[in-house]
Structures are given as C-alpha cells and as structure tokens.
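Trainee: I've got this model open and I'd like to talk it through with you. Can we go piece by piece?

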Amino acid sequence: LIAFTLPGIPSIYYGDEAGLMGFEDPLNRAPYPYGRENTELLSHYGILGKFRTEYKNFFDTVVFVNHPCLLVYKIACGNVEVVINCGEQDAEFTMDMTSKDYFSKKIFEKHQKILLKSGEYLLLQTNYEI
C-alpha cells in the first residue's frame, strides 16, 4: 500500500504479486506459478494499480498526520487518506469527513469511530461518487 500511495514509481519484486515465497539461495525465487497464482493477492495488486492510475497526477504532495498509534497520511490534495495500523495493538480513530474505503467500498460516516486491528489498513476517499 505504501509503495502505491507515495510519490515515485511503485516497484514490486518479481512474483510477489502472485504470492511467490523467497527462500535461501539457490531457491530464493522459483519460476512464476502460472495457473497457481494467489488470486486474492493478484486482485489486491490490481486494485492498487487501478488506484495508482486513477490518481496518477496527485502524488506530488503528501501530508503526514500526527497520530500516536497509526501511520496516517493524506494524498490527492487531501481527498485520500491512507491509514495503517503498524503497531501491535488495536487502534481507534475518527474521520473529519464521510469517507469510503477504496478496497471494501465500505462507507464511514463523519465522526464515526473506526477500529483498526494490528496490521489492518484503509485507503479512504473523501471525494467519492456513490
């Protein structure tokens, strides 16, 4: 998520999008698993690519938001907020505006309490079309 929502060109290592695992050399990368890809992971990278294409002209300004438990930053002129719980504890926050998660399409109302478990993340749009 971070690679696709910060300025610059997102780069993923060969096979990561298909769920290829890395091991010790010489098995550090197996051949691409054609027909056996992790379809959930492929779909996730497809959504990130679609997002990146939709917002391609809006990655020049990133504003980090101070939060004690979450990594939060705004992009696309403040119309998209990336929220990542990279801590070990669940964390709660609220949004100043009604927002829609780009992945799940779930809508969060203004001032609604949102609970993110450890490792969870949201890609919130505040200028979405219903």
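Mentor: Sure. Accessible areas here come from the Shrake-Rupley method with a 1.4 Å probe. Keep in mind that this is a predicted model.

Trainee: With that in hand, what share of the exposed area of the protein chain do carbon and sulfur atoms supply?

Mentor: Start with the total: the protein chain exposes about 8,400 Å². The part of that area supplied by carbon and sulfur atoms is 54%.

Trainee: And what percentage of the residues is buried?

Mentor: Buried means under 20% relative accessible area. The protein chain has 130 residues, and the buried share of them is 33%.

Trainee: How do the elements run from the N terminus on?

Mentor: You're looking at two helices and eight strands. The C-alpha trace spans about 50 × 35 × 25 Å along its principal axes. Read from the N terminus, the order of elements is α-α-β-β-β-β-β-β-β-β.

Trainee: Which strands stand at the edges of the open sheet?

Mentor: As a general point, strands of a sheet pair through backbone hydrogen bonds, either parallel or antiparallel. Here six strands form an open sheet with antiparallel pairing, in the order β1-β2-β3-β8-β5-β6. An edge strand has a single partner, so one of its sides is left without a neighbour in the sheet, and that applies to β1 (63–65) and β6 (107–108).

Trainee: Let's zoom in on β2 and β3. Which residue is the bridge partner of Ile75?

Mentor: Strand β2 covers residues 71–75 and strand β3 covers residues 80–84. They pair in the antiparallel sense over five bridges. For Ile75, the partner in β3 is Val80.

Trainee: How many salt bridges does the structure hold, and how far apart are the closest N and O atoms?

Mentor: The structure holds one salt bridge, and its partners are Lys74 and Glu81. Lys74 counts as partly exposed because its relative accessibility is 29%, while Glu81 is buried because its relative accessible area is 10%. The closest N and O atoms of Lys74 and Glu81 are 3.8 Å apart.

Trainee: Now the loop between β2 and β3, where Ala76 lies. Is Ala76 buried or exposed?

Mentor: The cut-off for buried is under 20% relative accessible area. Leaving aside neighbours within four places in sequence, Ala76 is in contact with Tyr55, Phe58 and Thr61. Since the relative accessible area of Ala76 is 4%, Ala76 is buried.

Trainee: What is phi of Ala76 near?

Mentor: Ala76 is a residue other than glycine, yet its phi is positive. The value is near 55°.

Trainee: Lys105 has a positive phi too. Where is Lys105 placed?

Mentor: Phi of Lys105 is about 70°, although Lys105 is not a glycine. Lys105 counts as partly exposed because its relative accessible area is 44%. Its place is in the loop between β5 (99–101) and β6.

Trainee: On to the aromatics. What geometry does the pair of Phe51 and Tyr102 have?

Mentor: The structure holds eight aromatic pairs. In the pair of Phe51 and Tyr102, the ring centres are 5.1 Å apart and the planes stand at 80°, so the geometry is edge-to-face.

Trainee: How many residues apart in sequence are the parts that this pair ties together?

Mentor: Phe51 and Tyr102 are both buried, and ring pairs link them with Tyr55 and Phe58 into a cluster. Because Phe51 lies in helix α2 and Tyr102 in the loop between β5 and β6, the pair ties together parts whose separation in sequence is 51 residues.

Trainee: Staying with helix α2 (residues 39–54), where His44 sits, which residues does His44 touch?

Mentor: His44 counts as buried because its relative accessibility is 17%. Not counting residues up to four places away in sequence, His44 touches Phe103 and Tyr121.

Trainee: Last one, back on the surface. Which residues make the nonpolar surface patch?

Mentor: The patch is about 370 Å². One of its members, Met21, is in the loop between α1 (2–5) and α2, and Met21 counts as exposed because its relative accessibility is 53%. The full set is Met21, Phe23 and Leu27.

How values were computed. Residues numbered from 1 in each chain as written. Predicted model: local features only at pLDDT ≥ 70, side-chain atom pairs only at ≥ 80, totals over all residues. Heavy atoms only, no water. Buried < 20%, exposed > 50% of the residue type's maximum accessible area, 1.4 Å probe, protein only. Contact = heavy atoms within 4.5 Å. Patch = residues over 30% accessible without salt bridge, like charges linked within 9 Å, V, L, I, M, F, W, Y side chains within 5 Å. Salt bridge = Lys/Arg side-chain N within 4 Å of Asp/Glu carboxyl O. Helix = DSSP H or I, 4+ residues; strand = E, 2+ residues; numbered from the N terminus. Pairing = 2+ DSSP bridges. Phe/Tyr/Trp six-rings, centres within 6.5 Å; stacked < 30°, edge-to-face > 60°.
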